[in-house]
Amino acid sequence: MRRLPGITVVTALAVLASVAPAQAARPGGRPAPWTPSPLSGTSTPSGTATATAGTRARSGRQAAFTKAARTYGVPQSVLLAVSYLESRWEGHGGRPSVSAGYGPMHLVDGRAAPGRPHGAGEDPRGDETRPRVIAVPSVVKERPRDTLRRASELTGLPPDRLREDASANIMGGAALLADYRRRAGGGPRDDPAGWYEAVARYPGTRERGAAGEDASLSFADEVYATIRAGAARVTDDGERVALPATPDLPTPPAPPAPSTPFAPSAPSTPPSVSPASSPASLAAFARPAPAEPSRPSEPRAPLPLERRASPSEPPSASPTPTPTPVPTPAPSPVKKIAMVPAPGPDCPKNVSCEWLPAAYERLPGGGYGNHDRSDGPREIDYIVIHDGETSYDAMTRLVKDPTYLSWHFTIRSADGHIAQHLRARDIGWHAGNWYVNSRSIGLEHEGYLAKGGAWYTEAMYLASARLVRHLAAKYDIPLDRAHILGHDNVPGTTPETVGGMHEDPGPYWDWAHYFELLGRPLRASGGDAARSVLIRPDYGTNRPGFTGCGGGCRDLGAASVWLRTRPSATAPLVKDIGKHPTGDSTYSVYDHAARASTGQRYALAERRGDWTAIWYLGQKAWFHDPAAAPTSVRTSGPLVTPRPGRSPVKVYGRAYPQKPAYPKSVPAQALTPLQYSIPAGQAYSSGPATRGSYLRAASFDPSEHRVVTGDARYRQIQFGHRIMFVRASDVRSVTG
């Protein structure tokens, strides 16, 4: 077995298991109603004999894909790749996505209501000198294509079955693809390249104008890139599902843009079902994986839009056109953002992206919204990952409301389409900490924190990772967990705000997979002598057992580990006096008080048997770390510890200058320490060092903004689950 970025590829895979007989056809060509077998858990047409032992052996998710592909004549590689991009082959326990999609094929219930976005009652600006508590405005939901009920019409299965039964859901997705393929036409039905148009139709975005067209083609390119690379993973039913690599798959032709919306045909029109594929034909898809690349951490690139070739010419016959160069300012000795905006969104070329500007307006009664403009350079140190707790449609409408908050990019779950709302040089109100806001770019993703990663799709992970890599390279942002933050890693600004800081994207964001796609896999370094540990549980098998998920999440894999007061599974969780001033830490999915997340680096405090201790929030915290199933790796990196005579060291939520640095025109900001401190003898992993700075941006006119920089220096540290700051004069560096 070998690993490509974010994808485990099977180097040799036997011809897929023999498949169940094709369904008996009804008059008119429609398959017979399909029901799960009570003995095997797999699927058989109603009216057939009781499942045999051979059928039981073919049960499970891989067999469901095989059967659905044969039943509707869809190449299995196409069906598997579409599902991988939509759900990573997960059923999510019947929980809906933010856009009301269900199951491994993300069948969308067009009648469902959108989720409620976060934001009510918080101060997204995070500046107590000009507090801004917002109300969440109502939005009108754009009704999506109801693929759930269309799949019900095509298969004869009730919508509830398609929502809750993963095998039925896969059958419904295959029926939809076959229906799209029948109406779009194409080459031979058993040729995956002939399904490009059907695949492009699948996310339901192609009929939404130019942006939807671009998004659908980008999604289809990702599907075919996945077929070329192959994929394999263990799904939520405990079964390993594999898509063998097909590296020499021909480039599909680009489909014409639709002149009219692609409306579904009448319900009475039966689907076209082709004869079942033979085992010999399936052998064509079980090809060996390509040779190991020179940089195994490099994410595979999708087929660029400009490289689609016609059926009569090879891919190499269509060279990539040279883009028109964009003028850039002269280089600066510090990281600065160009003052002249680029034409179009600031996205990499291999994603689907559009410009949907956020509102910038004066408000009645004074004030303005919903961000701060900048006409000068801005240093960018962080990219903050959020989830929106509502649909892409709702988020892109809300960001146009000047009374709401703002962020830079929104990424859609179904196909990875990106909308940019702010130029990088402008300041979004998204993180609840003005210091972080003024030095960061904010990315909102469709998703639900408390629904087991429903739905952080592969399409979204890929697009997000490509965007972050592009931004990090352009603005000189290191690709590590000290600079690529979750909203849950942003600290409170004062003791009063600590308890209310947000927890998204939560423990179900797969940081290890994300950093593989970023080309910076989270690995050990420094050997046994290293004095730091990197939290690195196996996402699929690490099951912390959270509460408060609504639909149940005790058996779901996650990226976090519990931290306890002693090396024992029965010991209490460590205490966070900021999150719980008078109570104990909890096991809620919304409570980060006593857990560490994948990719975070902590100073090693002790090892005892199967347990590892780290320094965390001023105390020793233990997590289960057995050698047989480790949840951390040793790593090296800078550490800081209190200087003699300086302990306990004060901890801050922002790195502001000291009072003498402020001119008379700018009110001095209070240097308010948080409720934590660092005792003597403890050590914490150290991130970047920085001079104290404060951006005063309290005017609609950006020419009146002022940046105050002082002489005081700070060190960023990983103190608890969140980053925090200490004065450099209070600590000394030690070898990590």
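Visitor: What makes β29 and strand β30 count as a pair?

Guide: In this predicted model, eight bridges join β29 to β30 (residues 706–718), and the sense is antiparallel. A pair needs at least two bridges, so with eight bridges β29 and β30 count as paired. One of the positions involved is A689, whose bridge partner in β30 is R715.

Visitor: How do you know that β26 and β29 pair too?

Guide: Two bridges link strand β26 to β29 (residues 684–696), again antiparallel. The requirement is at least two, so two bridges are enough for β26 and β29 to be called a pair. Here L639 stands opposite S685 in β29.

Visitor: Which strand is joined to β26 by four bridges?

Guide: That is β32 (residues 731–734), which runs antiparallel to β26. V640 of β26 stands opposite S733 in β32.

Visitor: Where do these strands stand in their sheet?

Guide: The order is β31-β30-β29-β26-β32, an open sheet of five strands with antiparallel pairing.

Visitor: Why are β31 and β32 called edge strands?

Guide: β31 (723–727) and β32 each pair on one side only, and this makes them the edges. Neighbouring strands in this sheet are turned against each other by 50° on average, with direction ignored.

Visitor: What makes both faces of β26 count as covered?

Guide: Strand β26 (residues 639–642) has L639 and T641 on one side and V640 and P642 on the other, and all of these are buried. Buried means under 20% relative accessible area, so each of these four residues falls below that value. For the protein chain as a whole, 60% of its 736 residues count as buried.

Visitor: What is the strand order in the sheet that contains β22 and β23?

Guide: It reads β24-β23-β22-β19-β25, an open sheet of five strands with antiparallel pairing. Its edges are β24 (619–624) and β25 (632–635), each paired on one side only. From one strand to the next, the twist averages 45°.

Visitor: How do you know that β22 and β23 pair?

Guide: Four bridges join β22 (residues 601–608) to β23 (residues 611–616), and the two run antiparallel. At least two are needed, so the four bridges satisfy the rule. L604 stands opposite I614 in β23.

Visitor: Why is the link between C347 and C353 called a disulfide?

Guide: The S to S distance between C347 and C353 is 2.1 Å. The cut-off is within 2.5 Å, so this pair qualifies. Both C347 and C353 are buried. A search of the whole structure finds one disulfide.

Visitor: How are helices α4 and α6 placed against each other?

Guide: α4 (residues 147–155) and α6 (residues 166–184) pack at about 85°, with their axes 9 Å apart. Angles of 65 to 115 degrees count as roughly perpendicular, and α4 and α6 are therefore roughly perpendicular to each other. Residues making the contact include R150 and L154 of α4, and M171 and Y180 of α6. By class, the contact has six nonpolar, three polar and two charged residues.

Visitor: How many helices and strands does the protein chain have?

Guide: The chain has 13 helices and 32 strands.

Definitions and conventions: Residues numbered from 1 in each chain as written. Predicted model: local features only at pLDDT ≥ 70, side-chain atom pairs only at ≥ 80, totals over all residues. Heavy atoms only, no water. Buried < 20%, exposed > 50% of the residue type's maximum accessible area, 1.4 Å probe, protein only. Axes fitted to C-alpha atoms, helices over the stretch in contact; angles between N-to-C directions. Parallel < 35°, antiparallel > 145°, perpendicular 65-115°, else oblique. Contact = heavy atoms within 4.5 Å. Nonpolar A, V, L, I, M, F, W, Y, C, P; charged D, E, K, R; others polar.
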